[in-house]
Amino acid sequence: MEALYSVMQGLESRLGGGEGIEGIYGSITATGMHKVLECMRHNCGLGSSSTLVDIGAGLGRPLLHALLLQGAAGSSGSSKATAKGSRAKGLLQQPHSRPIITCASIEQIASLEPCSHAYSFWEGVPLSGKQAFGRLFAQARSMKAVAVVQRAMRGVPPEAHMAQLGFGPLLLIKAFPVNMSGAAL
């Protein structure tokens with residue numbers, strides 16, 4: 001896993017953060033991503049029959065992490081960053097293990113089916129993208145769980161905030177800090 005994250009950091013350094021498009025300010029660390037995916041595995045059934053979707057996938061680091069370390073059956077993502085998405089497609093040698101990254105914003109995606117679990121580091125996702133994600137999540141019968149990485153939601157409980165974005169009623173299972181690029185979220 002260390003080699004994967006080292007390759008990803010090198011690619012991100014060459015591409016630049018967010019390419020001036022998404023407004024993303026860094027990447028979640030391997031330890032932080034493991035914590036998120038392990039929580040989903042333990043509490044929400046993420047495993048060998050699961051498919052993870054990452055909204056704002058960039059290079060697809062969480063998708064590769066889910067495939068390689070968590071043993072997910074598949075993964076896919078949506079990213080406005082076309083350069084990052086195209087580079088991510090060449091990272092794995094085994095075709096059956098590669099995540100599918102659609103180079104389109106979430107507002108352009110028709111469905112999250114057949115994915116079972118969703119993830120987003122959505123600091124740079126605009127409100128319209130979060131609302132589109134919420135609508136698609138609520139419509140997808142295959143969805144079991146969603147994890148988002150965001151700075152603290154102040155003034156509104158996270159599940160109420162997610163409901164306002166169209167996710168429907170959710171049960172908050174766990175909230176915890178993770179690290180990214182040397183900064184705590």
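Two strands pair if DSSP finds at least two bridges between them. The views below come from a predicted model.

**View 1. Strand 1 and strand 2 run side by side in the parallel sense.** Strand 1 covers residues 51–55, and strand 2 covers residues 74–78. Five bridges join the two. Asp54 faces Gly77 of strand 2. Strands of a sheet pair through backbone hydrogen bonds, either parallel or antiparallel.

**View 2. Five strands make up an open, parallel sheet.** The strand order is 3-2-1-4-5. Which strands form the edges? They are strand 3, at 100–102, and strand 5, at 145–149. Each of these pairs on one side only. From one strand to the next, the twist averages 15 degrees.

**View 3. Helix 3 and helix 5 both pack on the sheet.** Helix 3 spans residues 61–68. Helix 3 touches strand 1, strand 2, strand 3 and strand 4. The direction of helix 3 makes about 165 degrees with that of strand 1. Helix 5 spans residues 127–139. Its contacts in the sheet are with strand 1, strand 4 and strand 5. The direction of helix 5 makes about 165 degrees with that of strand 5.

**View 4. Helix 3 is largely enclosed by the rest of the structure.** Why is helix 3 described this way? Seven of its eight residues are buried, so the rest of the structure largely encloses it. The buried residues of helix 3 are Arg61, Pro62, Leu63, Leu64, His65, Ala66 and Leu67. An α-helix has 3.6 residues a turn, so residues three or four places apart point the same way.

**View 5. Strand 4 is buried along its length, with side chains pointing two ways.** Five of the five residues of strand 4 are buried, so the strand is largely enclosed by the rest of the structure. His117, Tyr119 and Phe121 point one way. Ala118 and Ser120 point the other way.

**View 6. Strand 4 pairs with strand 1 and with strand 5.** Three bridges link strand 4 to strand 1, in the parallel sense. Here Asp54 stands opposite Tyr119 of strand 4. Five bridges link strand 4 to strand 5, again parallel. Ala118 stands opposite Val146 in strand 5. Strand 4, helix 5 and strand 5 together make a β-α-β unit. Is that unit right-handed or left-handed? The unit is right-handed.

**View 7. Ser120 sits in strand 4 and is buried.** Its relative accessibility is 0%, so Ser120 falls under the 20% limit for buried residues. What does the side chain of Ser120 reach? It reaches the backbone oxygen of Ile55, at 2.8 Å. Beyond its neighbours within four places in sequence, Ser120 is in contact with Asp54, Ile55, Val125, Phe133, Ala147, Val148 and Val149.

**View 8. Leu165 is a buried residue in a loop.** The loop lies between helix 6 (158–164) and strand 6 (179–180). Is Leu165 buried or exposed? Its relative accessible area is 6%, so Leu165 counts as buried. Leu165 and Gln131 are 34 residues apart in sequence. In space, they are 4.8 Å apart, C-alpha to C-alpha. Leaving out residues up to four places away in sequence, Leu165 touches Trp122, Leu127, Lys130, Gln131, Gly134 and Arg135.

Conventions. Residues numbered from 1 in each chain as written. Predicted model: local features only at pLDDT ≥ 70, side-chain atom pairs only at ≥ 80, totals over all residues. Heavy atoms only, no water. Helix = DSSP H or I, 4+ residues; strand = E, 2+ residues; numbered from the N terminus. Axes fitted to C-alpha atoms, helices over the stretch in contact; angles between N-to-C directions. Contact = heavy atoms within 4.5 Å. Buried < 20%, exposed > 50% of the residue type's maximum accessible area, 1.4 Å probe, protein only. Right-handed = clockwise from strand over helix to strand, strands pointing away. Polar contact = N/O pair within 3.5 Å; in protein donor to acceptor, adjacent residues only side chain to side chain.
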